[in-house]
Amino acid sequence: MKKIKISALLLACIMIVSLFAGCGSTTKTIAKIGDYTLDSNMFEYLIQNVAYMYESQGISITGMLDQEIMEGTTGADFLKSQALEYAKQNAAITKLAKDNGISLTKDDKDSLQADKDAQVEQMGGRKAYLDQIKEARLTEEAIDEYNELMFLASKVSTALFSGDGIYAPDAEVVAADLVDNFFRIKHILVIADDTNKAEKKAEAEAILARVAAGEDFDALIAEKGEDPGMQSNPEGYVFDVNGTMFDSSGTMNTEFTTASVALGVNETSGIVESPNGYHIIKRYPFDTEYVKANIDTYINSYAGLELQNKLNEIMTELEVETTDAYAEIDLYDLFMIEATPAPETAGGDTAPSVDDVPSVDNHEGHDHAEDAAE
């Protein structure tokens, strides 16, 4: 199999939207989803995105295409169905925008064109840009459409789900949910592994002694803490009793979560060992006064969840009619795989299980909490 080469390209093409003719490739209609037409360029682009997600998680698609991963469903069927789910979300974005009179203005398009011109120049010029697209077996038209949809989704989010928008979350409700169900936690992490546990535990114990002596916890985080997430989250991590971040961007590990939620407000833990090393954890106040004073930090995440919930609602109502071209998409050709399925082997090239299915969410998400405190 030729290694999927879309990662760098996808990063480079974020918010690059072309308003001129693309590669001139022949397209076929794959499906009608409500009033939205899914063509082969976009469908193949979405399949590549799904495959890339699995590869980034260490799950190779080599040899999985003919494997039966659930009754009557091969790996190829699975990838296509997942891409179709993403296409349904594209259709939902389009419908939500249309129903509320939201579209891209000339100023929007001019701004997007300027962004693309700058990015294309950064990538070495138009020829280099098109060469990279061709090498990744993508099309400019698909990238254009995808990024236009994401820009449109941003406009929808701003207009309908923030401020005075008709679907904007109520600040009082958000504050009550946060106060009732979430904890605000900071910690000092001393990273350790099997080769240096004794040394690192002694280091953590020395820091704990300084905490017990009354030294400022935030100052000790800055001096001794080895979790970069404490720099990007200076007010602390906010998560529920299960360790799930308030914005659903990640989950803390069990040891960290259990020790954190057992603390009283302003209480500090002893040494807590986790797979990352040794933690000294402090629970900070997270009352109504604090949350309301910092509501802008939290309400946008709630708005994002409301947007996704609305899109999911629309998606359940959309009728999908696939064409013959849907069945004819050749994933062996798309991924440059020889049409001889590889045998399943332990530890590699196995098809994902149903539990591995990524959620359909084209919007922003982060794993900083999981990375920092797992």
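Here's a quick look at a small sheet, the helices lying across it, and one threonine.

This is a predicted model, so local features need pLDDT of at least 70 and side-chain atom pairs count only at pLDDT 80 or more, while totals for chains, interfaces and linings use all residues. Residues are numbered from 1 along each chain as its sequence is written, and side-chain values use heavy atoms, with hydrogens and water left out.

Let's start with the sheet. It's an open one, built from 3 strands in the order 2-1-9 with antiparallel pairing. Strand 2 (36-39) and strand 9 (320-322) sit at the edges with a single partner strand each, so one side of each has no neighbour in the sheet. From one strand to the next, the twist averages 20 degrees. Strands here are DSSP E runs of at least two residues, helices are H or I runs of at least four, and both are numbered from the N terminus; two strands pair if DSSP finds at least two bridges between them.

Strand 1 (residues 29-33) and strand 2 run antiparallel, joined by 4 bridges. Thr-29 has Asp-39 of strand 2 opposite.

Two helices lie across these strands:

| Helix | Lies across | Angle to strand 2 |
|---|---|---|
| Helix 2 (residues 40-56) | strand 1 and strand 2 | about 70 degrees |
| Helix 3 (residues 75-99) | strand 1, strand 2 and strand 9 | about 145 degrees |

Angles run from 0 to 180 degrees between N-to-C directions, with axes fitted to C-alpha atoms (for helices, over the stretch in contact).

As for Thr-73, it belongs to strand 4 (residues 73-74). Its relative accessibility is 18%, so Thr-73 counts as buried (under 20% relative accessible area; exposed is over 50%, partly exposed in between, with a 1.4 Å probe and protein chains only). Leaving out residues up to four places away in sequence, Thr-73 touches Gln-67, Glu-68 and Phe-78, where contact means heavy atoms within 4.5 Å.
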